[in-house]
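This report sets out selected features of one protein chain. Please read it alongside the sequence and the model.

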Amino acid sequence: MIKIRRIALLLILFAAIAAILVYFFHGDEPRRTAESIPASKPNITIPDARVPASTPSTARTVEKPASEPAAPRTELLTLKGRVVDELGAPIESANLSTADGERLFEFTNSAADGSFSIDTKLNGNITVEARKFGWISAKRAIDTNAAGVFVIELVLARAPRLRIRFLTLYDEPLLPKLKELGIPVDDHTFRVLATKEPFTRPVPEYTGIVEFGDGWYRTGPCTIDGILYPLPEGFDATLDVTARLPSYITILFARKPIASQRADVGQEEVIFRISPDEFRANLGSVRMKLISPFPSIPIRDNSVATAWGAVGTPQTSGYPDADDIINITDIPPGNYLIECLQRRQGGVIAAASLPAAVGRGEITNLGDVRLLPPIHIYGRVVDESGQPMKLGELGGFGFSPVDSDATRMAGRVHGLRTGTDGKFTINSASPGQYDIRQYGALGNACKLIDATAGSVENVEFVVRKSFELQVIAHGGVEGEYYHLCIADATGAPVFNAPVTRGYQSKYTFPPGNYTYTIVDANDAKVTRSFTIERAPSKLEFELDK
C-alpha cells in the first residue's frame, strides 16, 4: 500500500514539473484557432447589391498581397454591366470603351435593356466609360488583377437644357436675314459650339461628332473638345440644346469665332445680337475670265462657274458678264475646285477645273481660264471574281477631280451608274486626274485615273470585300493639327483627314498593302507601310515621330 502511494506521488510530481516547463517556454503564445489562420484568397470581384439608381454602384475587389504581382494577362477578362439613368431605367446605344491611361481600346454599345459586355486583355488599372449625346458621361476605374467577370453599373445623368437665340441688332431673326442677303448659311458655314473654356481660334475643318468624353464631345476630324450643334430647323431664331454648364457658347462662321457668351449653371437662355456685316466680312470671292475654244459661240449666254468645297457641296455659282468675266462672291475661306462649263443645246462643249485658295475678305483672281473640249472615261465595275456589278449592288459610286499631286481629294463628287453589264461612262469632264471610288456594304474600292491627255477607255474597276480598320493616334501636341493620308499599293490616295491628339475612328478597306503618311504643321512627313488582312485590323501611330 505504501509503495502504491509513493508511485502516485511521483506521477503527480512529474506532471507538475512538465506543466511548469510548458508554461515557461510557451506561456506567452496565444491560442491558434481556425479563425486566426490566414486563408489564401484569390483576387475576386464581388458585384454590389442593388443600390438606389441615383448613386453609382462600385465594384469591390479583394486585393492580392503586394508581394504577389499579377502575371501578364493571357486570358480574356470580361466586363459586364448595365447603363442606366438616374431612375434606374436602361439606356440604349450608349458608347462603351476601355482605356489604359490615354490609349482607348475596346468599343461596344449598350443593348435595349442597357446591358453590355466587353472582353479585354488589359491588365492593371483601367477605366470603363459610358457616353451618349445629351447625357453626362460616367466612368469607372477597375483594378483588373485577376481573370473572371467584373459586373458594374454606370449611371448617366441628363445634361441640362439651354435655349440659344440668334437676332440682328434690330431684334430680327438672324438666320433668315443672312439668307435674304445671299450669305451662305448651312451646317458647313454656320455652327454653334459649346466648350469648357473660351474658344477663340479658327478651326481648319469640322464635319461632325466622332468621339467624346467626360460629358464633352470631340468633333471630328479636327477634334474640338466641345459640342457642335446643328442649325435650327427651318432657320428658326432659337435653338434648344443640351449642354453641360457652365460652358462657353460660341458662334462659328466659316470656321472662325464670330461671337461668344458664357452660360452658367441654372441659366436657361443665351441671346446673341449680331450684325450681318460680321458674317460678310469673313467671306471671299473668285474672279476669272473664260476663253472658249469655239470663238463663234458666245461665252456669256452659255457658261457657268461653280466653286465646290471639299465636302462636295456647291457653295455658290457665277455667270459671265458682257466681258466674259465671272465673279463668284460670298465664298467661305478655304480650298476649292472651280468647275467651269460651256454648254450648247443642253450639252457640255468645253470645260475646265482648277483649284483656288479663297482668303477671308479677299478676292482670288484666277486670270484667264481656257476651256478645252471635254474628255470621256469608259469602264466596267466587277467584283473579285470578275462578275459585273449592277447599279443595285453598288453603294455610293462616283468620281471627283483631285489635285495635281494626287495627295488630297477636292471638289464635287459626281454620281455614277452602271448597266446590267457593269459598264459606266464619265462624260463632259475637263482634262485632269480623277478619283473613282465605290463605298458600301459589299466593299470599298478606289482608283486614280489620269485623263490629262484626253479620254480614257477600258478602265476596269474591281470592288473587293472590305474589312474594318480601327485608326488610333497616339502622342502629338495638344491643339496641333496633323494630316493623315492612306494610299493603296499603287500610291493612289484612299483616305485623307486632319487628325489631332487622341484621334480615333473606324473605317473599312479592302485587304492589301498600304502606306500611311503623317504631315505635321511644319510639313514634316513620316511615311510607313502596313497591311490589311481579311479580318478586322488596327492601325496605331505616333503623331510626334
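The text below moves from the whole chain to aromatic pairs, one sheet and two backbone angles.

The model is predicted: local features need pLDDT of at least 70 and side-chain atom pairs count only at pLDDT 80 or more, while totals for chains, interfaces and linings use all residues. Residues are numbered from 1 along each chain as its sequence is written, and side-chain values use heavy atoms, with hydrogens and water left out.

**The chain as a whole**

The chain contains three helices and 41 strands; helices (H or I, at least four residues) and strands (E, at least two) are DSSP runs, numbered from the N terminus. Of its 545 residues, 46% count as buried. Buried means under 20% relative accessible area, exposed means over 50%, and partly exposed lies in between, with a 1.4 Å probe and protein chains only. The exposed area of the chain is about 28200 Å², of which carbon and sulfur atoms supply 52%; such areas come from the Shrake-Rupley method with a 1.4 Å probe, and for residues only the protein chains shown count as cover. Among contacts in the chain with a separation of 6 or more, 61% join residues 24 or more positions apart, where contact means heavy atoms within 4.5 Å.

**Aromatic pairs**

Rings of Phe, Tyr and Trp (its six-membered ring) pair if their centres lie within 6.5 Å; planes under 30 degrees apart count as stacked, over 60 as edge-to-face and the rest as tilted. By this rule there are seven aromatic pairs. One of them joins phenylalanine 253 and phenylalanine 279, which is edge-to-face because the ring planes stand at 85 degrees, with the centres 5.0 Å apart. Phenylalanine 253 belongs to strand β18 (residues 247-253) and phenylalanine 279 to helix α3 (residues 276-280), so the pair ties together parts that are 26 residues apart in sequence. Phenylalanine 253 is buried, at 0% relative accessibility, and phenylalanine 279 is buried at 0%.

The rings of tyrosine 516 and phenylalanine 541 have centres 5.5 Å apart and planes at 35 degrees, so this pair is tilted. It links strand β39 (residues 512-519), which holds tyrosine 516, with strand β41 (residues 537-542), which holds phenylalanine 541, across 25 residues. Both tyrosine 516 and phenylalanine 541 are buried. These two residues also belong to one aromatic cluster with Phe509, Tyr514 and Phe530.

**A sheet of three strands**

An open sheet with mixed pairing has the strand order β24-β21-β27; two strands pair if DSSP finds at least two bridges between them. Strands β24 (325-331) and β27 (363-370) are at the edges with a single partner strand each, so one side of each has no neighbour in the sheet. Strand β21 (residues 284-291) pairs with β24 in the antiparallel sense over five bridges. Within these strands, valine 286 stands opposite isoleucine 328 in β24.

**Positive phi angles**

Most residues other than glycine have a negative phi. The table lists two residues with a positive value.

| Residue | Phi | Location | Relative accessibility |
|---|---|---|---|
| Aspartate 171 | about 60 degrees | loop between β12 (161-167) and α2 (174-180) | 45%, partly exposed |
| Asparagine 458 | near 55 degrees | strand β34 (residues 456-463) | 72%, exposed |

Aspartate 171 thus lies in a loop, whereas asparagine 458 is found in a strand.
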